[in-house]
Amino acid sequence: MCLALLVILLHCSSLKAREVFTINKVEIRADPSLQVPNGDALTILCIADISKSGNFMIEHHFTFFKDGRILSDITSLQNRTEYKIPAARFADTGEYVCMVKAKEKKKKSEVMLVKVTGLPKPKLTALKNMVTEGEELVLKCEVPEEAPPLTFTFQKLLTPGGPVTRTKKELEKNFTTIEIPVEPGDKILRFQCIASVYSAHGMQESAPSDVELVTVVEPFSTPALVIEPSLNVTEGDNVKLVCRVVVRNYDIEIIIQKDKVILNSTRGQNTLTYFTKVSMQDNGNYTCKVELGSVSKEKTVNMVVTELFSKPELIHSAKMIDEGDWLQLQCKVKGLLPVTKISIKTRYLGKDNLLNDSSSFITKAHVNNTATYICTAEINGIIKESDPVKINVYAPVSIPQLWIVPSVRDVILGRAIRFQCQSMYGTPPITYKFFRGNKTVNSSQIFNKLPAEFRDKPTEVGVEQYSCEASNHHSHIRKRSRELNITVIAPVGKVNLISVPKREVEDGKGISFRCYVETGSLPINFKLLKQNNRKPISEDTKMDTEVIWYKETWSKQDSGEYFCEASNPTNIVQRSDVISINVILASWQKVLIALFVLVIIVILGCGGCCWYLWKKRKAKHPSIEMSGSAGVTNSAGVKLEPRQNSDGQYYPGYMDDSENHMKATDENKDSGENRYSKIESCPDAT
């Protein structure tokens, strides 16, 4: 029994060990094809090719992917399965993959690209089938079968310039709405829409939707504008403009205008009238405009006005008249009818002043007659005026005056001079000419009573003559000023200072300074100054370009640095370079000092010699003086000590000298004793 069980277990183990399989291949297919029309059924097949070691069952797990996302998971004992799409849409276009997993083994198919062509026809709906001009119409276009994003294109059909399109994109919805304004003149509106979609695999566009019809109702008709009595009228005729409109109980506004000028208006009425007496200015286009909200309709007619008489012409003798001449004006009018009234007027700042109620005017001209003149004519109630004419009456200029600003006698060479020239009388504008001698320097026109201003820069030293001339539009008179003489002076140029002798002078002797300028107008003021001393040492004004100063006696205190300043009536001061003057000793002072030094040297030499001889003599005889003094006695017969006088007093220094002498002679005692023996034997001999 045990043996039988063992055999059975071994058999089962061998069977289990033989359940070996491998996934050879996973295949994916599309039925009916890889390209499917939109709305058709689409089946995705997944087939697993598996090899097994025996006849045993395996559970298969099928996973379908589209563009990397899982579509479906199916478990089956069969080696194939399918994923069905009843109606394929563009959103089903993409890359499909099938993966098969059996136990611990799995394998994927190759990528299969499936394309769904076309889009379903969109559905277009108008929220209202009847609208009014100026109203906003709402349209809705949708593709319920497709998924966003979608692009919708709306078309307004049968327009004069072709279909009007508007496009709108929807990223999250499969429908969209737009608002379209209803334009004046629209009767029946026709709309359709098209849907399109874009993806990485291409673009598809739907067929146009069915046409949606919308009826437009007019709130009011196009106005009618009538001109009575006719479109062709004559100046002075009374004209009536009538604008009529058919309205359906709306609060409309009617306006009559010429060009951009509103002539009359009304609200809530269906008729508007405008009356006028026409002139040539009324010739042109007239418009009747009817408005309600954003709806506006208009009618324009052209009215032709025939001229009754021409614009008057003001004839004048001249626009510029000399004072005292005749001013003549005449107003001429051309027309079929006689002139009812004619006038000549002056105009100032928009205000007219009546001058004469006739066609002509004449007077002797005065400056007060300078004005703007017009003439007016009236026929049958129509008044016309001529073009304005500006007439100027000119009084002659007076003799001008010329002066310098500021007033000076002399001017400096190279500096600009400011002149002013003015005629006290004369009608502006006045033209001034400025002359240097007979040469014109400049000119200026002045439009008021102020003087003309000129500038000139003299280039030569001497006397310059200037004058000016004044004139205006007076036909004859031109007047010139008196000549103005101007003295042009030059400032001093470089200043030089020299001295004789140069740099050094003996004490007590004199020195000469020469200060001169290279250029400059006379007279010239010269100053000699010492450095750091404001007060001049010498000052002279000369009608010459140089000056010489001489100082006879100089002392040591006069040493220092000197310079020269020069100026003339220009008041421009120029300074020379600084020169140094050093005062030295005179010759006799040097000799005297030398003699004095020599005497001092001689005295010192003699003194030194005497002292030397004395010292020498003292050094040779010290023992003799000591021996001789031992035998001296006073009057009483008392023996005196050495260096002691007859009264017994000691000479100063005795003790010191004797002590020193004794010290000096101790070393040679034997020889000293021999000398003293010889001196003591001298009295006996005598």
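**Cysteine pairing exercises**

In this predicted model, Cys-46 and Cys-98 are both buried.

**Exercise 1.** Determine what links Cys-46 to Cys-98, and which handedness the link has.

*Solution.* The two residues are joined by a disulfide, with an S to S distance of 1.7 Å, which lies within the 2.5 Å cut-off. The angle about the S-S bond is -85 degrees, and the link of Cys-46 and Cys-98 is left-handed. Because Cys-46 belongs to strand E3 (residues 42–52) and Cys-98 to strand E7 (residues 94–102), the pair ties together parts that are 52 residues apart in sequence.

**Exercise 2.** Decide whether Cys-331 and Cys-375 are buried or exposed, and describe their link.

*Solution.* Burial requires a relative accessible area under 20%; Cys-331, at 5%, therefore counts as buried, and so does Cys-375, at 0%. A disulfide joins Cys-331 to Cys-375, S to S 2.2 Å, and, with 65 degrees about the S-S bond, their link is right-handed. Since Cys-331 sits in strand E29 (residues 326–332) and Cys-375 in strand E33 (residues 371–379), the pair ties together parts 44 residues apart in sequence.

**Exercise 3.** State how many disulfides there are, how the bonded cysteines pair, and why Cys-610 has no bond to Cys-606.

*Solution.* The count comes to 6 disulfides. When the bonded cysteines of the protein are numbered in sequence order, the pairing reads 1-2, 3-4, 5-6, 7-8, 9-10, 11-12. Cys-606 is in no disulfide, and the nearest cysteine sulfur, that of Cys-609, is 6.5 Å away. For Cys-610, the closest cysteine sulfur is in Cys-606, at 6.7 Å, which is too far for a bond. Cys-606 is partly exposed, with a relative accessible area of 45%, whereas Cys-610, at 52%, counts as exposed.

Key
Residues are numbered from 1 along each chain as its sequence is written. This is a predicted model: local features need pLDDT of at least 70, side-chain atom pairs count only at pLDDT 80 or more; totals for chains, interfaces and linings use all residues. Side-chain values use heavy atoms; hydrogens and water are left out. Helices (H or I, at least four residues) and strands (E, at least two) are DSSP runs, numbered from the N terminus. Buried means under 20% relative accessible area, exposed over 50%, partly exposed in between (1.4 Å probe, protein chains only).
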